[in-house]
Amino acid sequence: MGFFVWNLSTQWIGALKTSVYIYVSPIVTVVLSVLILKERLTVRSVIGAVLILTGLVISQKRSKASDMK
């Protein structure tokens with residue numbers, strides 16, 4: 001299912017933009033492990049997720065700013 005969605009998103013928004021979102025994979029893994037496997041959510045997991053999302057936001061803002069030049 002993951003590869004199917006990945007291929008669709010590559011077709012919709014392009015390979016370059018899709019490649020940025022590969023870093024969301026660990027966040028999805030943690031969320032699904034908590035929901036499906038009933039694992040405990042740890043502080044390290046939350047901090048890691050916040051750092052990943054922050055990095056994505058920063059990289060997207062920088063790429064949009066460079067596109068405008």
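**Group meeting: a walk through a four-helix chain**

Let's start with helix H3. H3 has 12 residues, and its first and last C-alpha atoms lie 16 Å apart. That is close to the 16 Å expected at 1.5 Å a residue. Keep in mind that this is a predicted model.

Now the overall layout. The protein chain has 4 helices and 0 strands. Along the sequence the pattern reads α-α-α-α. There are 69 residues in the protein chain, and 10% of them count as buried. The exposed area is about 6,100 Å². Carbon and sulfur atoms supply 71% of that area.

Next, helix H1, residues 2–13. H1 also has 12 residues, so at 1.5 Å a residue it should span 16 Å. Its end C-alpha atoms are 16 Å apart, which agrees. Just after H1 comes Gly 14, with a positive phi of about 95°.

What happens just after H3? There, Lys 38 takes a positive phi of about 60°. Lys 38 is a residue other than glycine. In general, most residues other than glycine have a negative phi. Lys 38 sits in the loop between H3 and helix H4, which covers 43–68. Is Lys 38 buried or exposed? Its relative accessibility is 65%. The cut-off for exposed is over 50%, so Lys 38 counts as exposed.

On to the pocket. The largest pocket has a volume of about 320 Å³. Which helices each supply at least two residues of its lining? H1 and H3 do. The largest share of the lining, 5 residues, comes from H1. Look for Gly 2, Phe 3, Val 5, Trp 6 and Ser 9, which are among the lining residues. Further along the sequence, the lining also includes Tyr 21, Ile 22, Val 24 and Ser 25. Val 28, Thr 29 and Leu 32 belong to the lining too.

Then the surface. A nonpolar patch of about 700 Å² is made by Trp 6, Trp 12, Ile 13, Tyr 21, Ile 22 and Tyr 23. Some of these names have come up already. Trp 6, Tyr 21 and Ile 22 are in the patch, and they also line the largest pocket.

Let's finish on Tyr 21. Where is it placed? Tyr 21 lies in the loop between helix H2, 15–20, and helix H3, 25–36. Its relative accessibility is 41%, so it counts as partly exposed. Tyr 21 is therefore a partly exposed residue that belongs to the nonpolar patch and to the pocket lining.

Terms used
Residues are numbered from 1 along each chain as its sequence is written. This is a predicted model: local features need pLDDT of at least 70, side-chain atom pairs count only at pLDDT 80 or more; totals for chains, interfaces and linings use all residues. Side-chain values use heavy atoms; hydrogens and water are left out. Patches are made of residues with over 30% relative accessible area and no salt bridge: like charges are joined within 9 Å, nonpolar side chains (Val, Leu, Ile, Met, Phe, Trp, Tyr) within 5 Å. Accessible areas come from the Shrake-Rupley method with a 1.4 Å probe; for residues, only the protein chains shown count as cover. A salt bridge is a side-chain nitrogen of Lys or Arg within 4 Å of a carboxyl oxygen of Asp or Glu. Buried means under 20% relative accessible area, exposed over 50%, partly exposed in between (1.4 Å probe, protein chains only). The expected span of a helix is 1.5 Å times one less than its number of residues. On a 1 Å grid over the protein atoms alone, a cavity is a set of points where a 1.4 Å probe fits but cannot get out, and a pocket is an open set with protein on both sides within 12 Å along at least five of seven lines; lining residues have an atom within 4 Å of a point. Grid points are joined across faces, edges and corners, and a volume is the space filled by probe spheres set on the points.
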